[in-house]
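Hi everyone, thanks for making time for this. Let me put the structure up, and then I'll talk you through it.

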Amino acid sequence: MWQSDNMPRSVGFNDPGIEQDGFRRRKLPWEVVLVLLVSVGQSAIYSVVSFVRAATRAPIAQQQTQLNPSRSDEPFWDALYQFLGIFFSLALVALAVYLLWEPADNALRRIGLDFRRFGSDVLRAVALVALIGVPGIGVYAVGRLLGQSITVVPAPLDSSWWVIALLVLAALRAGLTEEVIFLGYLFDRLRRLGWSWTWILVSTALLRGSYHLYQGWPSALGNVVMGLVFGWCYRRWGRVMPLVVAHTLIDVIAFVGYPLAAAWWPGIFAPPAPSPSPTA
């Protein structure tokens, strides 16, 4: 039967474009859950469990946790294991960026993880270090004095030439992992799921806080504040690079400067001395 070309063609449920968009919307929540379960979400769950376990064993002030713990008693193998741990953590960051990539849309440029404005990014990062990093040290110190922060034991700065290099890499890993996934990835995905900017800011900040709860609730609260500030900055600037640089600088100061602070102010930063064993 003849049909005029001027008659409108119906767009039915079998339209491939509509089906593809619907499929993407349905799979997006599962993608977010899976990314979180293999990255920062997994770490947040372990952090909460670690805090609950520590709090039920002994007073918080007597507990301690270690940053960048040794993986082997042999220096070479310890360095190799540390490097592999950093490498595989950065693979998760690459996965998040890969999932953000779209045809004709460079994900690195979209989230601002590039060097186009590196000068201004560094200036903003230094300002954030002063705004967040210095008060963060104060929050930890106050928490220790109140007996509410778990003592954080840094990796020792021994004579091996690669120790400081690995600590700087570990700081870079932390900056990339947290800022790219918390901000670059989750802000994009939660916005596409219809979340308001307020809920995105609050939820990612709370997730960031739970990620650091293993250090005690004062440090977790400080990281919630950091998440709110960093989230606001990312929303305003549209660039994750200054936040990565700021976070990396803060952690370099913590990883490398903490042993010096423990030596200078042992009453606040040094781990508690072990209790003497009872004599028979």
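I'll start with the overall fold, then go through one helix, the cores and a helix pair.

Please keep in mind that this is a predicted model. The secondary structure comes to 10 helices and two strands. If you read along the sequence, the pattern is α-α-β-α-α-α-β-α-α-α-α-α. The protein has 280 residues, and 42% of them count as buried. As for contacts between residues at least 6 apart in sequence, 75% of these join residues at least 24 apart.

Now have a look at helix α3, residues 75-100. How far apart should the ends of its 26 residues be? At 1.5 Å a residue the helix should span 38 Å, and the end C-alpha atoms are indeed 38 Å apart, so the two agree. Which of its residues are buried? They are Asp78, Ala79, Gln82, Gly85, Ile86, Val93, Ala96, Val97 and Leu100. You'll see steps of three or four in that list, and here is a reminder: an α-helix has 3.6 residues a turn, so residues three or four places apart point the same way. The buried residues of α3 pack against α4 (107-111) and α6 (162-192).

On to the cores. The largest nonpolar core has 39 residues, and Leu113, Leu183 and Phe230 have the most contacts inside it. Helix α6 gives the most to this core, with nine residues. Apart from that core lies another one, of nine residues, among them Leu67, Ile86, Ala171 and Phe255.

Let's stay with Leu67 for a moment. Where does Leu67 sit? Its place is in the loop between β1 (64-66) and α3. Leu67 has a relative accessible area of 12%, under the 20% cut-off, so Leu67 is buried. Leu67 and Leu167 are 100 residues apart in sequence, yet their C-alpha atoms are 9.8 Å apart in space.

Back in the 39-residue core, what does Leu183 touch beyond its neighbours within four places in sequence? Leu183 is in contact with Glu178, Asp188, Arg208, Phe230, Gly231, Tyr234, Val240 and Leu243.

Last, the helix pair. Helix α2 (residues 40-57) and helix α7 (residues 197-211) pack at an angle of about 55 degrees, with their axes 7 Å apart. That angle makes α2 oblique to α7. From α2, the contact uses Val40, Ser43, Ala44, Ser47 and Val48, while α7 brings Leu207, Ser210 and Tyr211. By class, that gives five nonpolar, three polar and no charged residues.

That's my tour, and I'm happy to take questions.

Key. Residues numbered from 1 in each chain as written. Predicted model: local features only at pLDDT ≥ 70, side-chain atom pairs only at ≥ 80, totals over all residues. Heavy atoms only, no water. Helix = DSSP H or I, 4+ residues; strand = E, 2+ residues; numbered from the N terminus. Expected span 1.5 Å × (residues − 1). Buried < 20%, exposed > 50% of the residue type's maximum accessible area, 1.4 Å probe, protein only. Contact = heavy atoms within 4.5 Å. Core = buried A, V, L, I, M, F, W, Y, C linked by side-chain atoms within 4.5 Å. Axes fitted to C-alpha atoms, helices over the stretch in contact; angles between N-to-C directions. Parallel < 35°, antiparallel > 145°, perpendicular 65-115°, else oblique. Nonpolar A, V, L, I, M, F, W, Y, C, P; charged D, E, K, R; others polar.
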